[in-house]
Amino acid sequence: MQRIDLGARPDWKEKAEAAGFTFHHMDGAQYWDESSAYAFTLEQIERDLEAPAEELHAMCREAVAKIVLCEDLLTRLCIPRAHWDLVERSWANADPELYGRMDFAYGGPNHGDGKAKLLEYNADTPTTLYETSGFQWHWLEDMIAAGRLPEGTDQFNGLHEALAARFAELFPQGTDIHFAAFEDAVEDYATAETIGWAAREGGMGAHFTDIRKIGVTEAGQFADSDDRVIGTLFKLYPWEDMLRDDFADAIQEAQCQFLEPAWKAVVSNKGILPVLWEMFPDHPNLLPAVFADQNADALGPNVVEKPIFSREGAGVRIRAEGANEASSDTSYDAHPRILQQYAPLPTFGDDNTVTGVWMVGSEAHGLGLREDRSLITQDTSRFRPHYIEA
Amino acid sequence: MTTRKRSRTARVVLLGSAAFGLAACQPEERVEAEVFPTVEECQAVAGLGDNDFTAEDCAQGFAEAEAVHRESAPRYADQDVCEEQHGGECIVEQRTDGTSIFLPLLAGYMIGNMLGGRGMAAQPLYRTGAGNYSTPGGRTTLSGLRGSTQVRPASFAANPSTRTAAPLSRQAVQSRGGFGASRTGGGFGSRSFGG
């Protein structure tokens, strides 16, 4: 894994605007940055990232089977007691998963022990999907067409096809699927839209509704902003929040299939990390982790503290030799925490890079890289494209 | 042959270009449809001029539209809501449990050739609150009750039964806004609520 200064396409901004990718700058800072790109060998992709991600996904499923039947763990993961049954039943019914993103500390053979270390699994509401599956894909096409990367250069990015195929596998042709997000959150809307396109490609009907406009009918079903009953709902809104909303009690009887299913509430929860470590100690792709009230001796002196529900780095605190940093976002501070052994991110220039591997179903299908000068990756961290050397 | 790790389809996902719509079919797809207020009006013009439907098609289509009406007509618990949605008269239907529900009158029907040579199909039409005519569930709206038109093939797709609630049927909504209040993260300008 190397960062190569290829130089940006001269017209990338126009292309972004033309594609509707309006958030290439955020809060005045550049978000999409193709001035350099990450180069991987095929072996690094397949051996170091793809295979471990699929193995970890299977391990997470084993952990779910255990957690949903364990009151102590459901309590530790802050799943509201009233909804334990909902979560357990979604697992027992084998409600299928659609997608997720595992974030790794990985830097190739010259970084640490060369193994990708799972930092967290955003298995419920991962965003940056458009950048990964769409704009990054076109970047590579353009770079090859311009002769700036050789023919045969590849990219770990089968996401669009895999998502379309997953929809076709899960639902009868023509199934109406609702996509709910906060309409005014451009990144979230872009992710929902990208998946909506894939759903249509897979033969589904796709309909958008703002999460806040969802209603409950007299028959107890959910309905969209136009009163149309929702049979299948993709929601870019975390389960931990849904289970605390006023409509939480309506979910069980709503005859609605959710994407992601309710059992993902325990996968995207950072409480799964200590459970995984206990079930699979010394696994090369896991970092030692415990709940904050447990004995942390096994973690060593360098530790990261994470709220179990945090996203985009919020509430994360690093206490390590030469690396003390705390997120300024304290919105998750009320939640319980886990402690995880600190795994430094690889650095490229002044930047620290986190490697996101995308899952569709139980298979790994794509890669997106974010970098930040801060040690903690945040929602404004830059996105850079990658390629696999020909 | 070498394997390739990225998508083959170069489908350009254009953000903001209607990934979400009522039907997943392409806009250029259209089929011919004939619209009539009654079976008699249909039979009066059957076989005339360019019309390629017969009196028999008229009768069969009307019978089909009536059958769809019985199964999938918009059904309302409240007469006022029904009348407001359909610009006037609604008829009452007794359910087996003794409750009354309200259906709009069948204002007319349309017949058309389905794609792929699967023969003739029919749909009932109801008056809308805005003075147009629509198929059950509002899939297709027409401005008038007479003549030839072109509609999306999905206009003839099967309708969900309204005897039991089903996706995309319209249902009276009791309350809204019960999702979205509990979010912890995000919330600043364009910031993401996902991760």
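**A tour of helix α2 in chain B and the interior of chain A**

Begin in this predicted model by selecting α2(B), where B:Asp57, B:Cys58, B:Gly61, B:Phe62, B:Ala65, B:Val68, B:His69 and B:Ser72 are buried. Viewed around the helix axis, these residues cover an arc of only 130°, which puts them on the same side of α2(B). An α-helix has 3.6 residues a turn, so residues three or four places apart point the same way. To see what the buried residues of α2(B) pack against, add α1 (39-45), β3 (100-104), β4 (108-113) and β5 (120-127) of chain B to the selection. The length of the helix can be checked as well: at 1.5 Å a residue, the 18 residues of α2(B), 55-72, should span 26 Å, and the end C-alpha atoms lie 25 Å apart, which agrees.

Next, turn to chain A and select A:Phe104 and A:Phe222, which touch the most other members of the largest nonpolar core, a set of 74 residues. Helix α2 of chain A (residues 42-67) gives this core its largest share, 9 residues. Around A:Phe104, contacts beyond four places in sequence include A:Leu49, A:Ala53, A:Leu56, A:Leu345 and A:Val357. A second, separate core has 26 residues, among them A:Leu129, A:Trp197, A:Met204 and A:Ala206.

Finally, display the cavities, of which there are 4 of 30 Å³ or more. The largest cavity holds about 450 Å³ of space, and of its 29 lining residues, A:Asp103, A:Leu119, A:Glu120, A:Val354 and A:Thr377 lie nearest its centre. Among the elements giving two or more residues to this lining are β5 (99-105), β6 (117-122) and β20 (363-372) of chain A, while β19(A) provides the largest share, 4 residues.

Key:
Residues are numbered from 1 along each chain as its sequence is written. Chains are lettered from A and ligands numbered from 1 in the order in which they are written. This is a predicted model: local features need pLDDT of at least 70, side-chain atom pairs count only at pLDDT 80 or more; totals for chains, interfaces and linings use all residues. Side-chain values use heavy atoms; hydrogens and water are left out. The expected span of a helix is 1.5 Å times one less than its number of residues. Buried means under 20% relative accessible area, exposed over 50%, partly exposed in between (1.4 Å probe, protein chains only). The arc is that of the directions from the helix axis to the C-beta atoms. Contact means heavy atoms within 4.5 Å. A nonpolar core is a set of buried Ala, Val, Leu, Ile, Met, Phe, Trp, Tyr and Cys residues joined through side-chain atoms within 4.5 Å. On a 1 Å grid over the protein atoms alone, a cavity is a set of points where a 1.4 Å probe fits but cannot get out, and a pocket is an open set with protein on both sides within 12 Å along at least five of seven lines; lining residues have an atom within 4 Å of a point. Grid points are joined across faces, edges and corners, and a volume is the space filled by probe spheres set on the points.
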